[in-house]
Amino acid sequence: MAESGGSGRGPPGPGACAALRRWEQLRRAAAAPWARGLLAAAAGLGLFYAALRVPLRLRDSLAAVAVFLSTLTPKFYFALTVTSSFISGLIFVFEWWHFRKYGTSFIEQVSVSHLRPLIGGAENSPAAPAAFLAGENETSRQNMPECKVWRNPLHLFRGAEYSRYMWVTGKEPLTYYDMNLSAQDHQNFFTCDTDALRPSDTVMQKAWRERNPQARIKAAYQALELNNDCATAYVLLAEEEATTIVDAERYFKQALKAGEMIYRRSQNCHSQSPQHEAQLRRDTNVLVYVKRRLAMCARKLGRIREAVKMMRDLMKEFPLLSMLNIHENLLEALLELQAYADVQAVLAKYDDISLPKSAAICYTAALLKARAVSERFSPETASKRGLSTAEINAVEAIHRAVEFNPHVPKYLLEMKSLVLPPEHILKRGDSEAVAYAFFHLQHWKRIEGALNLLHCTWEGTFHEVSVYPQKELPFFIHFTAGLCSFSAMLALLTHQFPELMVIFAKACFGTLHPSASLWKTSRSSCCPVSSIC
């Protein structure tokens with residue numbers, strides 16, 4: 001026992017040794033070439049038998065199904081076609097309703113969202129560009145496509161502006177889709193992996209996911225009870241609880257004081273670990289967001305020069321933040337000051353072919369070109385003497401702007417009524433046109449003749465082709481409509497000509513499964529009892 005290595009078991013007996021020797025002999029025999037050949041031959045015979053047997057059984061099964069279907073009555077075919085027509089009609093109505101309300105096909109959306117991952121497809125859904133993460137460079141901005149959803153740089157305050165519309169009209173100013181995108185932006189902006197280490201940030205992490213505004217506000221107050229310097233809690237209260245711009249500014253000033261302190265603390269320890277770097281990015285996002293909204297508060301309260309200075313300082317302090325399109329806020333404020341030389345300087349930096357365009361950039365450039373000639377412009381005079389060089393430049397600038405977003409002129413010319421701009425816009429789409437015209441219509445009206453020049457250029461060139469982006473009906477709407485119509489036609493024919501449709505159905509099944517008749521004949525010939533029956 002002492003020599004057993006402490007395992008508690010003795011050496012194997014003679015029977016065990018004999019069994020081991022037999023197992024070793026079998027293993028060596030199986031490894032021999034002739035044994036491998038024998039196994040391969042057996043496997044080949046098995047596959048050959050399966051290849052012959054399975055089609056025979058499948059052929060018999062199909063023949064049996066065909067015989068069963070060929071014995072059905074006209075009432076069954078009528079009920080079948082009516083039911084299929086009714087179901088496909090319901091699917092068609094639902095698809096049409098979903099497309100009219102959400103702009104997408106429900107079947108296609110479900111297929112992309114749920115079925116593609118199951119079959120191994122990779123869905124690359126890019127994050128919303130508004131969810132800026134500090135540290136991205138200008139190259140990532142250049143590579144972004146223009147036709148996608150962006151955060152509206154001039155979006156209104158929910159509590160102080162959007163809520164007023166709901167109080168007066170009783171209608172929601174924002175769609176669920178828009179608010180859902182904003183919730184995603186807030187989580188990307190104001191949360192990070194280290195929030196679990198701080199109770200106040202943990203509460204705010206849940207607050208940004210809440211759908212109920214009152215629940216979000218309540219969570220923000222809970223976070224302030226845990227930590228009076230929680231900057232994101234002040235941000236939420238400024239956006240959603242403040243009912244005036246003055247109250248929002250007061251909350252944002254408290255957020256700025258807390259955010260600067262947290263930002264300096266993160267700068268000192270950001271190189272210690274990746275978690276600290278992520279926290280620094282989050283704190284940078286909070287600080288930039290607060291400073292930008294403070295500048296917008298100053299702009300709305302009439303302190304325009306102060307707002308311009310804050311925006312310029314912010315762009316100098318964080319030069320890589322062009323992704324947030326702060327220059328569009330600056331352009332609007334400079335236009336309000338009528339500082340057209342400064343506007344031109346901003347455009348010279350951002351109206352570049354390598355950078356993504358926007359309606360604000362293209363139409364502001366057109367406005368400056370139109371300003372030089374619009375006061376003396378007359379269509380009759382221009383048709384007689386031709387366009388001057390300055391007028392040609394202005395017309396080309398308007399062409400360029402309208403080609404980028406052809407929806408804007410109808411709002412600037414007040415051919416379509418304006419609504420409150422959304423929190424997110426589709427570049428080159430109608431939502432971007434609404435957001436631009438909402439803030440810039442007054443600047444076009446201030447320059448005499450600018451809207452007249454825009455109207456003449458747009459009506460003469462783009463009036464008939466201004467349909468971008470044109471929505472096409474999804475494939476599944478066409479498919480369900482065709483299926484419903486086809487099955488309804490079959491139901492009508494079955495009801496009117498039941499015998500002919502049964503003959504047609506039997507002929508189709510006989511064509512698809514010609515072995516059915518052979519199977520039935522061979523069965524009757526081989527079984528005298530069945531033939532007598």
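This passage describes a helix, a pocket and the cysteines of a predicted model. Local features were considered at pLDDT of at least 70 and side-chain atom pairs only at pLDDT 80 or more, whereas totals for chains, interfaces and linings use all residues. Residues are numbered from 1 along each chain as its sequence is written, and side-chain values use heavy atoms, without hydrogens or water.

Helix H20 (a DSSP run of H or I, at least four residues, numbered from the N terminus) comprises 17 residues, 430-446. Its span from first to last C-alpha is 24 Å, close to the expected 24 Å (1.5 Å times one less than the number of residues). A bend of about 55° occurs in H20 at histidine 440 (the angle between axes fitted to the seven residues ending there and the seven starting there). Buried residues of H20 include Tyr436, Phe439, His440 and Trp444 (under 20% relative accessible area with a 1.4 Å probe, protein chains only).

The second largest pocket (an open set of points on a 1 Å grid over the protein atoms alone, with protein on both sides within 12 Å along at least five of seven lines) encloses about 650 Å³, the space filled by probe spheres set on the points. Its lining (residues with an atom within 4 Å of a point) numbers 29 residues, with Arg158, Met179, Pro213, Arg216 and Glu240 nearest the centre. Helices H6, H7, H9 and H10 each give two or more residues to this lining, and H7 supplies the largest share, 7 residues.

The disulfide count is 0 (cysteine sulfur atoms within 2.5 Å). Cysteine 297 is buried, at 0% relative accessibility.

Key
Buried < 20%, exposed > 50% of the residue type's maximum accessible area, 1.4 Å probe, protein only. 1 Å grid on protein atoms, 1.4 Å probe; cavity = no way out; pocket = protein on both sides within 12 Å on 5 of 7 lines; lining within 4 Å.
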